[in-house]
Each structure stands twice: as structure tokens, then as C-alpha cells.
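Colleague: I am new to this structure and would like a close look at a single part of it. Could you take me through one place where two helices meet, slowly and with the terms explained?

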Amino acid sequence: MIRKLSKAFADIHLRSKLFLVIAGTMLIILMVNIFVYYNLNLIIKQLDDIYIGNVRLNELEDALDLVQDNMAVYLNTKSTDSLEGYYRSEQKYQGLLDSLEQSVTDNELKLMEYDIFHMSQSYLTLAEETIEAKRGRNIEKYKKYYEEASKIYKYINSYITSLNGYRFRGNTESYKELSSALGYMEFTSMMIFVVMAVFDIMLVFLVTRNITRPLHELAYAADKVSAGELDDVGIVKVHGKDEIGVVTVAFNQMVSSIPGYLTRLREGMQKEQLLKEKELMMESHLKDAQLKYLQAQINPHFLFNTLNAGTQLALMEKADRTYEYIQNVAAFFRYNISENDEVTLAQEIQLVDTYVYILNVRFSGDIHFSKDIESEDLLNVRIPGMILQPIVENSVNYGIRDIDREGHIDLSVYRVDENICISIMDNGVGMTQETIQSILSGEYKPAKAEDEVKKGNGIGLNNVIERLRLYFNNNTNFEIISNGRNEGTEVVITVPYTEG
């Protein structure tokens, strides 16, 4: 039976072994603590209950004395303060009387409480009549009532003192018994903790031995492998199906496969030598190809200089529209390949104006573009470059180019709370919700070959979305809104706004 349990425990995962050991130990300790705590609290509560009756009787006696004293002070002074003091002490005493036994019983001590309660009611009635007689200036009555109340006061005091003494003698015997029980509980608790400590030490020893013995064997075999003594390693014994057992099985497979691996390694080194010789030959051909590629590249500065020469030529020939067109084209290309990763919203909108101007020259003014800026202060916000122009380009290529009505593109900039919203809306062919979702997820692929031709500058909406997220640390929103076929499309970009 023990062997079966040991084998089953060896197959458990290491994490489960440690959890079972720790959880089991903690559970036993918790149960022992609960047992000790419950019994100690029970004894302490009984100890508290022993003397609570004496404490209550002492409070009752003090309250009775206070009533008598306040009544005497009022009879001598007849002051408002002394009267208020009497009523406060009378209420306190009446409240303490409610905790006494108020019915007849066979218990002698309870019967004394019953007598104290009823004598106190008579005493309070006489005290109240004394006060009322004093207030009514009836000297004979208040003296008579005061004398009767004083007699009952003495009887009550005597009864309280006697009852307190009886209770104290009885409580002393109970206290001795509970003190003895408390000492026994302390001894029992100590023995339980000692037994638990010994049990935990043995349990930890057995579990750690079960874990570390296979590790020692595996470490010894690994040292042999690292020293190159593969013939002396042999097969390491697998003790269980836990993580160490899995590693041991993998180690044995590795050791058995090392000779074949070394053979393949030697063959690979020979092949690698041959490949290096071929690689050296190919490097010389690659350098020639790279040189030809560099020679074929277009120099952007040469393009700008050429466009500038064209503007000068158009200016000399007084071709003002051609001059303005070439200037806008040069400005557009210069902005596209500039190294400014960060620009203002005003610069981005200026680029859109330039782009729309070039398109209108190309398409004879078919692109109707309007702007609505809520406040010029909003144009100072910093955003990544080349954000708006690709969206406008998509609106032209995919939205309004092939429609049979007048195409409009509207750009709006407005503030909502602590954000700036940039809206680019067209009245083109619109989008389906599936297309919108595929664009936002970066999975959109053009369905037609002619859509590939419409790519324009090659900067897609996915590129725009990713750069916005990186620049604003995901504190931005890119939304595409369309109600379907021929309903137009609106792109709304929301970025944080900071004053200044």
C-alpha cells in the first residue's frame, strides 16, 4: 500500500506536490489553531462571566449612593443643578435595575436580586415624593418621605453588599476550576504544536528526498556528458512521470542521439565549407548588382531642382498657371519625402490643400473640397506626418472618382471635451461594415485588380492607424462611418488636445 502511494505521489507534477504539502500542512495548522482558539476563547469568556455579576452589583451600589446624595443636596440647596443631578442619577439607577431578576425563583441569589429590585422601586417612589414635597414647600411631608427613603436605602445597600459577597465566594471556586482548565489547555496546545512540527519536518524531508534524488542522478549523468565521457553515462533511471521524469526521458533521448548528431555535424561542416566557397563567388556578383542598383536610383534633390527650373521657365514665359501648378507639385513631393516625423495639424491641412489643387488641375476641377475649422488654436496640435493626405486620397480613389454625381470632400476640425476630432467625409460609393472591419483590423485586400492601381502613394489606412497609435501611445481613436452603398464615408480621427 505504501509503495503504491509513493508511486502515485512520484507521478504527480512538482507544482502539485508542493501545493499538496503546503496546503495540507497549512490546513492542519489552521484546524489546530481554530481548536485552540475556540477553547481558549470559551474559557476566557467564562472567566469574564464570573465577575461580571460583581461588577454590575458594584455599579448598582454606586448609582444608589449617587441618587441618595443628589436627593440630600437638593433638599439642602433646592438648586436647579442638584435637581438635574438627581434625575440623571435616578435614570441611571433605574437602567441598572432592569438587569436584575424580576420574578420569583428558587435560586437564593436570584431571589435576593428580586428583593433588591422591588425595594429599589419603593425607594425611587419615596424619593420622587420627597422631591415633589420639597418643590411644593411641604416641610413635614418631605422630611417624612426622606426618612422612609433613607431606611429603605440602607436595606438596599445591605442586600447589595451581602449579594456581592455571596457571588464573590462562589466565583472564587469557579475561577480556580477555570484556571486549572486553562493551564491544561496550554499544555495540550503545546504538545499538539510539537507533534505537528515533528510531522512537518518528516513530511518535508520525505518530499524533498523524492524530488532531489532524481535530480542528483540526472546532475551526475550531465557532468559525465559535459566531460565527454558518453560511453560511461548509460541510461538514467526514470522515477516518475513528473517534470523531472519528463526531463530525464528527454536527457536519455539526447544522450542516445548525440553520436548521430556528431556525425551529421561533421558532414554539415564539410558542406558549409563548400557553401562558403560559393558564397565568396556570389559576393562579387552581388557587389556588381548593388552598384548598378545605386546608379539607377533617382536623386530627390535632382527632382526638386528640375521642378524649380520648370517653375522659373514658366515664370519667364509668363505661364502663371503652369508656374503655380509646378510649385504645388514640388511642395507636395518635398513634404512627402521630408524627414519630419512630427508636424502641426495646420501643415497637414496645407498639404491636403496642395494635393486637392493638383487633382483639380488633373481632373479639371471635379474635386469639390471644403474645410470647417472650429478654432485656429486647434491647428497647433502636433501629429505624425502624412496622416490626412492618404485619407483624402482614399476618398478620391475609392469614393468619388467613379460616381455619376458631383463629388464632395469635407474636412472638419472641432473640439470635444479634452480631444480634437478631425473628420474627412465624402459623398461617394460608401463601404459595407465588413469592409470597414477588415480595414480597421489591417486585413483588407483589394477585391479587383484595378483597386491595386488606385493605391496612390502606397500609404494605406493601416499605416496611418498604426502610426497614430504609436505616436499617441494608443490614446487615440480611428473610426470609419458609412451607412452602406452610395451613402458616402466619414473617417473621424480623435487625438488628445493640450493647451499651448
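Modeller: What follows is a walk through one pair of helices and the strand residue Thr344. The model is predicted, so local features need pLDDT of at least 70 and side-chain atom pairs count only at pLDDT 80 or more, while totals for chains, interfaces and linings use all residues. Residues are numbered from 1 along each chain as its sequence is written, and side-chain values use heavy atoms, with hydrogens and water left out.

Helix α9 covers residues 345-362 and helix α10 residues 388-400, and their axes come within 9 Å and cross at roughly 30°; helices here are DSSP runs of H or I with at least four residues, and strands are runs of E with at least two. The axes are lines fitted to C-alpha atoms over the stretch in contact, with angles from 0 to 180 degrees between N-to-C directions. That crossing makes α9 roughly parallel to α10, a term for angles under 35 degrees.

On the α9 side the contact (heavy atoms within 4.5 Å) is made by Leu345, Glu348, Ile349, Leu351, Val352, Tyr355, Val356 and Leu359, and on the α10 side by Leu388, Gln389, Val392, Glu393 and Val396. By class, this contact has 10 nonpolar, one polar and two charged residues, where Ala, Val, Leu, Ile, Met, Phe, Trp, Tyr, Cys and Pro count as nonpolar, Asp, Glu, Lys and Arg as charged, and the others as polar.

Thr344 lies in strand β1, residues 342-344, and is buried at a relative accessible area of 15%, buried meaning under 20% with a 1.4 Å probe and protein chains only. Leaving aside neighbours within four places in sequence, Thr344 is in contact with Leu379, Asn380, Val381 and Arg382.

Conventions: Angles under 35 degrees count as roughly parallel, over 145 as roughly antiparallel, 65 to 115 as roughly perpendicular and the rest as oblique. Buried means under 20% relative accessible area, exposed over 50%, partly exposed in between (1.4 Å probe, protein chains only).
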